[in-house]
Amino acid sequence: MTTDLHLKSVEELAPLLETKKLSPVELTKAILDFAEESQPKINSYMAFYREEALAQAKVVETEIWNGQYRGMYHGIPMALKDNLYFKDKITTMSSKIHKDFVSGYDATVVEKLRNAGVIFTGKLSMHEYAWGITNNNPHYGLVRNPWDLDKIPGGSSGGSGAAVAAGASVASLGTDTAGSIRIPSSACGIVGLKPTHGRVSKYGCYPLAWSLDHIGPMTKTVKDAAGLLEIISGFDHRDPTCTDVPTENYVQQISGSVKDLVIGINEEYFFNHVDSDVEKAVRESIQSLVDQGAKVEVVRIPSLQYAEWAELVTSLSEASAIHHSDLQKRPQDFGDDIRLLFELGELPSAVDYLQAQQVRRQIKQEFTQIFNQVDVLITPTLPVVASTIGDDFAYLNGEKVDLIDNIIRFTGPSNLTGLPALSVPCGFKGNLPVGLQIIGPAFKEGHILNVGYAIEQTNPTKNRKPNIFTNS
């Protein structure tokens with residue numbers, strides 16, 4: 001039973017735990033052993049909680065053996081991004097300034113996962129303060145992509161992406177302000193879901209930009225993401241941005257049927273200037289849905305031409321407001337890359353910021369109108385695959401293009417609108433994964449998860465898995 005446990009998904013492991021064919025202690029030890037063995041290769045963890053995890057696994061084992069099984073994630077070992085607070089544990093935000101910060105309470109999502117019986121194996125690395133897409137951290141070292149150790153894992157939730165892809169964590173949570181769940185999910189070949197803004201409480205999560213931040217699942221499969229969302233979603237009065245809408249059973253909404261599904265395709269923005277191999281993989285997956293009875297409709301969203309500007313002004317301004325005091329008092333303690341971004345964030349005027357919010361409103365209205373015509377939008381998650389560590393550029397059809405501008409181009413609009421967006425693997429360019437993004441109407445996560453599952457069932461990745469001990 002111990003063979004390759006680290007490669008199994010939650011939906012594979014949960015029945016084994018429920019039927020007592022697999023012990024939570026055995027599973028937790030296997031995950032921790034692999035995570036510690038893989039750490040010198042991919043550097044995905046900030047901290048390991050071995051002693052506490054194994055003690056909790058014994059408690060969980062007794063619960064399950066006494067007939068008190070709580071559900072899909074009971075007994076599942078996982079680590080979380082290091083900007084989610086754990087009571088009485090250090091939460092660093094992978095920063096120097098907060099290297100000794102200890103929270104007196106659990107984040108709401110942590111509390112909910114504890115109640116679901118999750119076993120925490122540790123905290124995962126991230127781009128400093130979640131403000132970047134490479135995970136090249138000047139304080140704790142860079143994180144490597146399990147598919148090619150010379151490539152970035154994406155960010156800012158790069159530790160989560162690398163850990164889940166390699167098998168160092170069965171699943172994880174990331175945060176997403178301009179794509180920080182979906183970018184590493186695409187780059188590392190896993191499933192990443194940014195829920196609707198307000199669906200998941202952010203209480204106990206260190207913010208990057210208040211109005212753009214989201215917390216969501218990063219998993220091996222779509223059903224794993226659906227089950228995780230069921231646990232973490234729900235109203236929380238402690239988060240003023242949380243919306244009081246009913247929670248749903250997302251796993252039950254996944255049938256895989258896409259008959260009569262209407263897929264929106266926006267050529268002008270979401271298929272403009274895309275690597276040809278990436279585009280080919282995405283369009284082949286769209287065709288696979290058409291082959292199953294879906295229909296395609298081309299749509300226009302004119303205000304998307306201003307999306308990158310609105311995202312930049314909003315995120316820069318809000319992030320700089322959060323870090324303003326430290327920027328004045330101890331600028332040398334920030335990494336060079338994010339210090340520059342925080343300094344740039346001091347430049348936009350109140351007029352700039354408010355105009356950006358007007359643009360957001362217009363984009364949101366246009367998306368709302370589009371979803372009267374179509375059920376989902378499908379796009380590439382990224383226009384490129386993972387770039388080489390240390391490069392500030394990516395190759396797009398042989399041309400060098402700016403890395404950060406391109407890597408957030410297709411993910412940022414869903415942060416501006418707050419609409420749910422799911423990245424699922426849809427193939428490879430060479431040995432590097434390609435992700436496909438599904439965007440849906442507000443609070444219709446079940447719809448996009450079902451479409452993602454339909455794609456997953458076509459097996460576009462041909463069951464390929466990374467092997468960090470052979471990849472260079």
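Start by selecting serine 156, which sits in the loop between strand E5 (141-142) and H5. Keep in mind as you go that this is a predicted model. Now show the backbone and look at the link from glycine 155 to serine 156: the peptide bond there is cis, with omega near 10°. That's worth a pause, as most peptide bonds are trans.

While you're checking backbones, jump to serine 94. You'll find serine 94 in the loop between strand E2 (77-81) and H4. Its phi is near 50°, a positive value in a residue that isn't glycine. Most residues other than glycine have a negative phi.

**Helix H7 and its partners**

From that loop, move on to H4 itself. Select residues 108-115 for H4 and 222-232 for H7, and turn the view until you can see both axes. Two packed helices are described by the angle between their axes and the distance between the axes. Here the angle is about 110° and the axes are 8 Å apart, so H4 is roughly perpendicular to H7. Switch on side chains for Val109, Lys112 and Leu113 on the H4 side, and for Leu228, Ile231 and Ile232 on the H7 side; these make the contact. Colour the contact by class and you get 5 nonpolar residues, no polar ones and 1 charged.

Keep H7 selected and add H15 (445-456). What angle do the axes of H7 and H15 make where they cross? Roughly 160°, with the axes coming within 9 Å. The cut-off for roughly antiparallel is over 145 degrees, and H7 and H15 are therefore roughly antiparallel to each other. To see who meets whom, pick Val222, Lys223, Ala225, Ala226 and Leu229 in H7, then Glu445, Leu449, Gly452, Tyr453 and Glu456 in H15. By class, this contact of H7 with H15 has 6 nonpolar residues, 1 polar and 3 charged.

**The second largest pocket**

H15 leads straight to the next stop, since it is among the elements that give two or more residues to the lining of the second largest pocket. The others are helix H1 (10-18), helix H5 (158-166) and strand E14 (421-429). E14 gives the most, with 4 residues. Centre the view on Lys220, Thr221, Thr461, Asn463 and Lys465, which lie nearest the middle of this pocket. The pocket has a volume of about 610 Å³ and 29 lining residues, made up of 14 nonpolar, 8 polar and 7 charged.

**The largest pocket**

Next, select Trp131, Gly132, Ile133, Leu341 and Ile404: they lie nearest the centre of the largest pocket, which is lined by 36 residues. Its volume is about 730 Å³. Which elements should you show around it? Try helix H10 (307-329), helix H11 (336-344), helix H13 (403-407) and helix H14 (412-417), each of which gives two or more residues to the lining. H10 has the largest share, with 6 residues. Colour the lining by class and it divides into 18 nonpolar, 10 polar and 8 charged.

**Inside: the cavities**

Hide the surface and go looking for enclosed space. How many cavities of 30 Å³ or more are there? The count is 3, and the largest has a volume of about 60 Å³. To land on it, select Asn83, Thr175, Tyr206, Leu208 and Asp213, which lie nearest its centre out of 13 lining residues. The lining of this largest cavity splits into 7 nonpolar, 4 polar and 2 charged residues.

**Zooming out**

For the last stop, select residues 26-449. An unreviewed UniProt entry annotates this span as "domain: Amidase". Put a distance between its end C-alpha atoms and you should get 31 Å. Switch to cartoon view to take in the secondary structure: the span is 37% helix and 17% strand.

Definitions and conventions: Residues numbered from 1 in each chain as written. Predicted model: local features only at pLDDT ≥ 70, side-chain atom pairs only at ≥ 80, totals over all residues. Heavy atoms only, no water. 1 Å grid on protein atoms, 1.4 Å probe; cavity = no way out; pocket = protein on both sides within 12 Å on 5 of 7 lines; lining within 4 Å. Points joined across faces, edges and corners; volume = space filled by probe spheres on them. Nonpolar A, V, L, I, M, F, W, Y, C, P; charged D, E, K, R; others polar. UniProt positions renumbered as here; feature names shortened; annotations may be inferred. Axes fitted to C-alpha atoms, helices over the stretch in contact; angles between N-to-C directions. Parallel < 35°, antiparallel > 145°, perpendicular 65-115°, else oblique. Contact = heavy atoms within 4.5 Å.
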